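Please consider the structure shown below, first through its open spaces and then through its interior and its rings.

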Amino acid sequence: QVQLVESGGGLVQPGGSLRLSCAASRVIFSIDSMGWYRQAPGKQRELVAIITSGGNTNYADSVKGRFTISRDNAKNTVYLQMSSLKPEDTAVYYCNFQTRTPFGTGQYWGQGTQVTVSS
């Protein structure tokens, strides 16, 4: 069974930076998009950033200009560089891989990593 393993979360002061990583435990074929979602206490899970197989990116308005998503296809890994962090960025961050083949679509989720922005 393929697992997505996240790392890089933690406690950071406002204005600080963190880099999240998410790697697949084994090779996944036909990955279409890779993305990061987050869920704060009492709120629904929301899309933070997504990157397609062609390298196109899309960001939530709340993180534009502060977060950067990137991917390494050879390593089946996606990254999220977070800068100028704010307390409202505090949440559990989840990575997501979407696959697409002629036979259908699928997805994988990471277990989540906590990001806390506090002084």
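A pocket, as the word is used here, is an open set of grid points where a 1.4 Å probe fits, with protein on both sides within 12 Å along at least five of seven lines. In this predicted model, the largest pocket encloses about 170 Å³ of space. Its lining comprises 14 residues, of which Arg38, Ala40, Lys43, Glu46 and Glu88 are the closest to the centre. Sorted by class, the lining of the largest pocket contains 7 charged, 4 polar and 3 nonpolar residues.

The interior may be taken next. In soluble globular proteins, nonpolar side chains tend to be buried together. The largest nonpolar core here has 30 residues, and those touching the most other members are Trp36, Val78, Leu80, Met82, Tyr93 and Phe97. At least two residues of this core come from each of the strands E3 (18–24), E4 (31–39), E5 (46–52), E7 (67–72), E8 (77–82), E9 (91–101) and E11 (113–117).

Two loops deserve attention for their backbone geometry. Asn76, in the loop between E7 and E8, has a phi near 50 degrees, a positive value in a residue other than glycine. Asn76 counts as buried because its relative accessible area is 8%, under the 20% limit. Ser84, in the loop between E8 and E9, likewise has a positive phi of about 50 degrees without being a glycine. Ser84, however, is partly exposed, at 42% relative accessibility.

Finally, aromatic rings take part in several contacts. Arg19 lies over the face of Tyr79, at 4.1 Å from the ring centre, and Arg45 lies over the face of Tyr94, at 3.7 Å from the ring centre. The structure also holds 1 aromatic pair.

Conventions. Residues numbered from 1 in each chain as written. Predicted model: local features only at pLDDT ≥ 70, side-chain atom pairs only at ≥ 80, totals over all residues. Heavy atoms only, no water. Core = buried A, V, L, I, M, F, W, Y, C linked by side-chain atoms within 4.5 Å. Buried < 20%, exposed > 50% of the residue type's maximum accessible area, 1.4 Å probe, protein only. Helix = DSSP H or I, 4+ residues; strand = E, 2+ residues; numbered from the N terminus. 1 Å grid on protein atoms, 1.4 Å probe; cavity = no way out; pocket = protein on both sides within 12 Å on 5 of 7 lines; lining within 4 Å. Points joined across faces, edges and corners; volume = space filled by probe spheres on them. Nonpolar A, V, L, I, M, F, W, Y, C, P; charged D, E, K, R; others polar. Phe/Tyr/Trp six-rings, centres within 6.5 Å; stacked < 30°, edge-to-face > 60°. Lys NZ or Arg CZ within 6 Å of the ring centre and 35° of its normal.
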